[in-house]
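Please walk me through the structure below, starting from the N-terminal part and then turning to how its helices pack.

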Amino acid sequence: MTAFDLSAFSAPLVVPELRSGPVLLRPFGLFDLPLVRQAAADPYIPTITSVPAVYSDAGGRAFIDRQHAHATEGHGYPFVIASREDPGRGLGSLGLWLREIEGGRAALGYWLVPLRAATSWPRRPLRGAVTFAFEVLGIPRLHLYIEPWNVASLRTAECAGFVQEALLRGWERFDHEQHDAYSYALLQKEWDARTARP
C-alpha cells in the first residue's frame, strides 16, 4: 500500500502515460483537436464538461490549454484515452481531480466519443486511473458521480469495483436544470484487499 502524502500533489503535476491492457492514458496535445471536434458534436458531452458546444480550432486549442493548466496549477491529472495500437488518435478523456485532496479524496470523471462509449471498452481506462491513484499516489478514496439514466457508466463503475453510496438529488446543473446523480466510491483499502487475493 502506498502511503498518502499531500506533498506529492504540489504543483506543477506531471501527467504520465499509463497503460491498462489495450488502453493508453496520455497527456493532451494539439494533435487532439479532432477528438475535441468529435466531443463538441456530441449532444451530451459539452453540457457536462468544458468542451465547446460549437467547435472551432481556437476553441479546441483553448480546451486543450485548459487541460494543461489543470496539471500545472495542481488541480488534477487530465488524460486522453487512446488505444495502444493507435496512440495518436484520442477516443475520450479521463480526469483525476484533486479539489478535495486535503481530505484524502479525489474525483474521477470521463467521457468517450460515441464509437467507444457503447461498448465494454471504458472499463479499461477507469481501471488504469484507479491503479495509478491508489498504487502510485496513495489516495485513500476515489469517487465519481453518474446520472441515473447512464446505465453504461453505472455498469462501468461497478465493474471497476466502485460501490453505489447514495442518490444525490439535484446534484448537478446543466441545460439550466438540476439533475440527480448517483455517488459511487472506492477505497484504497478495498482495492488493496481485492488485488492481494491469490
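**A cis bond and two helix pairs**

Pro 12 lies in the segment that comes before strand S1 (18–20). The peptide bond between Ala 11 and Pro 12 is cis, with omega at about 0°. This is a predicted model.

The next topic is helix packing. Two packed helices are described by the angle between their axes and the distance between the axes.

Take helix H1 (residues 33–41) and helix H3 (residues 57–72), whose axes cross at roughly 105° and come within 9 Å. Angles of 65 to 115 degrees count as roughly perpendicular, and H1 and H3 are therefore roughly perpendicular to each other. On the H1 side, the contact is made by Leu 33, Val 36 and Arg 37. H3 contributes Asp 57, Gly 60, Arg 61, Phe 63 and Ile 64. Sorted by character, the residues of this contact between H1 and H3 are four nonpolar, one polar and three charged.

The other pair is helix H5 (residues 123–136) with helix H6 (residues 151–159), which pack at an angle of about 45° with their axes 9 Å apart. That angle makes H5 oblique to H6. The crossing in which H5 passes H6 is right-handed. Arg 123, Leu 126 and Arg 127 of H5 make the contact with Thr 156, Ala 157 and Cys 159 of H6. The residues of the contact of H5 with H6 comprise three nonpolar, one polar and two charged.

Note on methods:
Residues numbered from 1 in each chain as written. Predicted model: local features only at pLDDT ≥ 70, side-chain atom pairs only at ≥ 80, totals over all residues. Heavy atoms only, no water. Axes fitted to C-alpha atoms, helices over the stretch in contact; angles between N-to-C directions. Helix = DSSP H or I, 4+ residues; strand = E, 2+ residues; numbered from the N terminus. Parallel < 35°, antiparallel > 145°, perpendicular 65-115°, else oblique. Left-handed = near helix turned anticlockwise from the far one by under 90°. Contact = heavy atoms within 4.5 Å. Nonpolar A, V, L, I, M, F, W, Y, C, P; charged D, E, K, R; others polar.
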